[in-house]
Amino acid sequence: MKMFTKLALVSSMAISANAMAMQSMDDAALSAATGQDGINIGIALDSTGISIDKLYLHDNDGLQTSTGITGATGVAGAIAIDGITITQTGTGNLLDLLIDTDAGTSGEAFLNIAASVGAVDISIGSIGVAPSNGASLTDTTTAVRGVTGTPTEILTGLDLSLGAITANVQLGATPQGAMIKLDSTLEGGLTISNLGINDAAGGGQIYLNNIYVRGDNATGDLDIDTDISVTNAGLRIQNNSTQGMNVYLEGVRLGSSTAASIGDVEIQGLNVGQSTITISGH
C-alpha cells in the first residue's frame with residue numbers, strides 16, 4: 001500500500017508540474033486553442049499500453065539491529081517488482097485533465113486539476129525482496145541502482161481490473177479540504193486475480209483465483225469518497241464513504257496454485273466506516 005500510494009502521489013505531482021510549466025501561455029492563446037481559459041489535456045494509450053520493466057523501493061538503512069528482531073542487519077534492502085503493465089480497456093482517452101487556476105474566495109489562490117480516468121487492466125509481476133545494490137545511488141549518469149542476487153518472491157504477482165473514476169487535485173490553497181479528493185463511482189467495482197502469497201521458509205503458498213470487491217447494490221458500483229492530504233505526520237488517506245461492500249474470494253488454495261481449493265469465502269455488507277490511514281517514514 002505504501003509503495004503504490006507513493007507512486008500515485010509522484011504521478012500527480014509530475015502531472016501538476018507539467019501543467020504549471022504550460023501555464024506560461026497567455027489567456028488569448030489558450031482561448032484560441034480551447035474556446036475558454038484554462039488547459040485541457042487528453043491522454044490515450046495505444047494497444048501496447050504502458051509498461052515498466054523493473055520497480056524497486058529501497059530501504060536505505062534496512063531493519064535496525066536494535067529492534068531485536070531475528071535477522072536484522074541494518075543493511076539496505078529493496079522491494080522488487082518484476083514488471084508492470086497498464087492497458088486501457090475502454091474507448092476514448094485513458095486520462096482527461098481540466099486544469100484551471102483560481103484566486104480563491106479569500107485571496108488564497110490554487111491550481112485545480114479535474115481528472116477523469118478510464119477503465120484499465122493492470123498486471124503486476126512477481127513481488128519480492130532483495131539486497132539493494134549498495135547503500136545509496138552511486139551512478140547518477142544512468143540513475144540505475146538495482147539489487148544484487150535473485151529476489152526472494154513474496155507475491156507471485158496479480159492482475160487488477162479497475163472501472164472508470166474521477167478525481168480532483170488542488171495545489172496551493174485547498175478549499176476542497178484536501179490535496180486530492182476522490183468523489184466518484186468505481187464502475188463495476190474492483191477485481192483482483194491470480195494472487196499468490198509465498199512462504200519462503202515453508203515452501204508453499206496461499207493462492208486466490210479471484211477477489212471481487214463490489215458495492216452493496218444491484219450494479220456492484222463502488223462509491224469512492226476519499227480525501228488524500230500530506231500532513232506533518234505523513235500521507236493521510238481519509239475514507240468518507242459509508243457504503244457497504246461485498247467481498248468474494250473465489251478459489252482459495254493452500255499449498256500451491258494447483259492445490260485443491262478449500263472453497264470460496266464470501267463477506268456481505270463490509271463497512272470500514274470513516275477510517276484513516278497515515279503513511280510516513282521511520
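This is a transcript of a short group-meeting presentation on one predicted protein model.

Good morning, colleagues. I shall begin with the chain as a whole and then turn to individual residues.

What we have is a predicted model, and its pLDDT averages 87 over the chain, with 87% of the residues scoring at least 70. Residues 1-35 need a separate remark, since pLDDT stays under 50 throughout that stretch. The model nevertheless has 41 contacts beyond four places in sequence for residues 1-35. Where pLDDT is low, the predicted coordinates should not be read in detail. I shall accordingly leave that segment aside.

The secondary structure consists of 20 strands and 2 helices. Of the chain's 282 residues, 33% count as buried. The accessible surface is about 15,700 Å², and carbon and sulfur atoms account for 56% of that area. As to the contacts between residues at least 6 apart in sequence, 65% of them join residues at least 24 apart.

Let me now take the pairing around strand 6, which covers residues 95-102. Strand 6 pairs with strand 1, residues 39-43, in the antiparallel sense, over 5 bridges. Strand 6 also pairs with strand 7, residues 110-117, again antiparallel, and here there are 8 bridges. Asp-96 can be followed in both pairings: it is the bridge partner of Gly-42, and it stands opposite Ser-116 of strand 7.

Staying with strand 7, I draw your attention to Asn-112, which is located there. Is Asn-112 buried or exposed? With a relative accessibility of 16%, it counts as buried, because the cut-off for that class is under 20%. The side chain of Asn-112 makes a polar contact of 2.9 Å with the side chain of Gln-170. Beyond four places in sequence, Asn-112 touches Leu-98, Ile-99 and Asp-100, and likewise Asn-168, Val-169 and Gln-170.

Next, the nonpolar interior. The largest nonpolar core has 41 residues, and those touching the most other members are Ile-124, Leu-158, Leu-160, Ile-211 and Val-213. Which strand gives the most to this core? That is strand 18, residues 245-255, with 4 residues. Leu-160 may serve as an example of the surroundings: outside its neighbours within four places in sequence, its contacts are Val-120, Asp-121, Ile-122, Ile-124, Leu-190, Thr-191 and Ile-192.

I come now to the loop between strand 9, residues 127-131, and strand 10, residues 152-155, where Asp-139 is found. Asp-139 is partly exposed, at 30% relative accessible area. Its side chain has two polar contacts to report. In one, the side chain of Asp-139 reaches the backbone nitrogen of Thr-141 at 3.2 Å; in the other, it meets the side chain of Thr-142 at 2.8 Å. The same loop contains Ala-143, which is exposed, with a relative accessible area of 57%. Ala-143 is not a glycine, yet its phi is positive, at about 55 degrees.

A positive phi also occurs in strand 14, residues 190-198, where Asn-194 is found. Phi of Asn-194 is near 55 degrees, and the residue is partly exposed at 35% relative accessible area.

In strand 10 itself lies Thr-152, which counts as partly exposed at 40% relative accessibility. Leaving aside neighbours within four places in sequence, Thr-152 is in contact with Gly-128, Val-129 and Ala-200. The C-alpha atoms of Thr-152 and Asp-199 are separated by 9.9 Å, the two residues being 47 apart along the chain.

My last residue is Asn-239, placed in strand 17, residues 234-239. Asn-239 is buried, with a relative accessible area of 16%. Which backbone atoms does the side chain of Asn-239 approach? It reaches the backbone oxygen of Ser-241 at 3.2 Å, and one of its polar atoms lies 2.5 Å from the backbone oxygen of Gly-273. Not counting neighbours within four places in sequence, Asn-239 is in contact with Asp-225 and Thr-226, and with Val-272, Gly-273, Gln-274 and Ser-275.

That concludes my presentation. Thank you for your attention.

Terms used:
Residues numbered from 1 in each chain as written. Predicted model: local features only at pLDDT ≥ 70, side-chain atom pairs only at ≥ 80, totals over all residues. Heavy atoms only, no water. Pairing = 2+ DSSP bridges. Buried < 20%, exposed > 50% of the residue type's maximum accessible area, 1.4 Å probe, protein only. Polar contact = N/O pair within 3.5 Å; in protein donor to acceptor, adjacent residues only side chain to side chain. Core = buried A, V, L, I, M, F, W, Y, C linked by side-chain atoms within 4.5 Å. Contact = heavy atoms within 4.5 Å. Areas by Shrake-Rupley, 256 points an atom, 1.4 Å probe, with all protein chains shown as cover. pLDDT = per-residue confidence, 0-100.
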